[in-house]
Amino acid sequence: MKKFVLAAVMMLSSVATFAQHEEGSLTIQPRVGVNIASLTKNDGGKARIGLAAGAELEYQVSDIFSLSAGAMYSMQGAKNGNIKLNLDYINVPVMANVYVVPGLAVKLGLQPGFKVNSKVDVLGVSANIPGAKSVDLSLPVGLSYEYKNFVLDGRYNFGLTKVNEIGDSKNSVFQITAGYKFDI
């Protein structure tokens, strides 16, 4: 019985230190999901629900550590009464991933975003947002779980820069995506 318990403990402890992919491997992960976005310092503002879609490359540095970078189309902004602020970006997340148990990664990184759309919609009339900045910088923090190459990822992106020349609002985005990893 002691040998069985010892063998089980050894197997579980060794499994807990290995990621899904081999050291030195490179994967690509197309992803699609949803953003729940808002702006800080936007009194009475509500979230804008939008699309998040793109792909990430991941390089497995060691058994428990990987680096990833990608490009994601991200619909962000906010609503405030009859006013809709549509801020869409191509975000480039650069992440460090630590696998704490098989398949479960804790993520932290830096994400520049490049504006592709900045419109304000008031009662169906749309116009460009004056003074909207062309680059947004955020700090993504999240978790992902991978099972048989299917990946569920949840992140919160803390806005670090103001979205507009006027005011102090920053992006605040919760993002949930699903994807599939392909070995390259």
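Strand E3 (residues 65–80) and strand E4 (residues 83–91) run antiparallel and are joined by nine bridges. This pairing belongs to a predicted model, and the report below describes that model from its strands outward to its surface.

**Strand pairing around E4**

E3 and E4 form a hairpin in which two residues lie between the strands. Gly-81, in the turn, has a positive phi of about 65 degrees. Within the pairing of E3 and E4, Gly-77 stands opposite Asn-86 of E4. E4 is also joined to strand E6 (residues 104–122), again by nine bridges and in an antiparallel arrangement. Here the bridge partner of Leu-85 is Val-120 in E6.

**Overall composition**

The chain contains one helix and eleven strands. Read from the N terminus, the order of elements is α-β-β-β-β-β-β-β-β-β-β-β. Of the 184 residues in the chain, 34% are buried. Among contacts with a separation of 6 or more, 60% are between residues 24 or more positions apart. The accessible surface of the chain comes to about 10000 Å², and carbon and sulfur atoms account for 70% of that surface.

**The nonpolar core**

The largest nonpolar core comprises eight residues, namely Leu-39, Ala-78, Leu-87, Tyr-89, Val-120, Ile-129, Ala-132 and Val-163. Val-120, the bridge partner of Leu-85, is thus also a member of this core. For Leu-87, when residues up to four places away in sequence are set aside, the contacts include the core members Leu-39, Ile-129 and Val-163. Leu-87 also touches Arg-48, Ser-74, Met-75, Gln-76, Gly-77, Asn-117, Ser-118 and Asn-171.

**Salt bridges**

The structure holds nine salt bridges. Three of the pairs are set out in the table.

| Acidic residue | Basic residue | N to O distance |
|---|---|---|
| Asp-88 | Arg-48 | 2.8 Å |
| Glu-58 | Lys-181 | 2.5 Å |
| Asp-168 | Lys-162 | 3.8 Å |

The side chains of Asp-88 and Arg-48 meet in a salt bridge. This pair links distant parts of the chain, with Asp-88 in strand E4 and Arg-48 in strand E2, 40 residues apart. Asp-88 counts as buried because its relative accessible area is 4%, and Arg-48 counts as buried because its relative accessibility is 9%; the cut-off for this class is under 20%.

Lys-181 and Glu-58 likewise meet through their side chains. This pair also joins distant parts of the chain: Lys-181 lies in the loop between strand E10 (170–180) and strand E11 (182–183), whereas Glu-58 lies in strand E2, 123 residues away. Both Lys-181 and Glu-58 are buried.

In the pair formed by Asp-168 and Lys-162, Asp-168 is partly exposed, at 42% relative accessibility, and Lys-162 is partly exposed, at 29%. Elsewhere, a network of salt bridges links Arg-31, Glu-56, Lys-107, Asp-153 and Arg-155.

**Strands E1 and E2: buried positions and a surface patch**

Gln-29 is found in strand E1 and is buried, with a relative accessible area of 4%. Leaving aside neighbours within four places in sequence, Gln-29 is in contact with Gly-54, Ala-55, Glu-56, Val-151, Gly-179, Tyr-180 and Lys-181. Two of these partners take part in salt bridges: Glu-56 belongs to the network, and Lys-181 pairs with Glu-58.

Ser-25 lies in the loop between helix H1 (2–15) and E1. At 17% relative accessibility, Ser-25 counts as buried. With residues up to four places away in sequence excluded, Ser-25 touches Glu-58, Tyr-59 and Gln-60. Ser-25 and Tyr-59 are 34 residues apart in sequence, yet their C-alpha atoms are 5.9 Å apart in space.

Tyr-59 is placed in strand E2 and counts as partly exposed because its relative accessibility is 41%, between the limits of 20% and 50%. Tyr-59 helps to make a nonpolar surface patch of about 680 Å². The other residues of this patch are Leu-26, Ile-28, Leu-57, Val-61, Leu-67, Phe-182 and Ile-184. Strand E1 (26–39) and strand E2 (46–60) each supply at least two residues of the patch. In a regular strand, side chains alternate between the two faces of the sheet. In E2, Glu-58 is buried, whereas Tyr-59 is partly exposed.

Conventions:
Residues numbered from 1 in each chain as written. Predicted model: local features only at pLDDT ≥ 70, side-chain atom pairs only at ≥ 80, totals over all residues. Heavy atoms only, no water. Core = buried A, V, L, I, M, F, W, Y, C linked by side-chain atoms within 4.5 Å. Buried < 20%, exposed > 50% of the residue type's maximum accessible area, 1.4 Å probe, protein only. Contact = heavy atoms within 4.5 Å. Patch = residues over 30% accessible without salt bridge, like charges linked within 9 Å, V, L, I, M, F, W, Y side chains within 5 Å. Areas by Shrake-Rupley, 256 points an atom, 1.4 Å probe, with all protein chains shown as cover. Salt bridge = Lys/Arg side-chain N within 4 Å of Asp/Glu carboxyl O. Helix = DSSP H or I, 4+ residues; strand = E, 2+ residues; numbered from the N terminus. Pairing = 2+ DSSP bridges.
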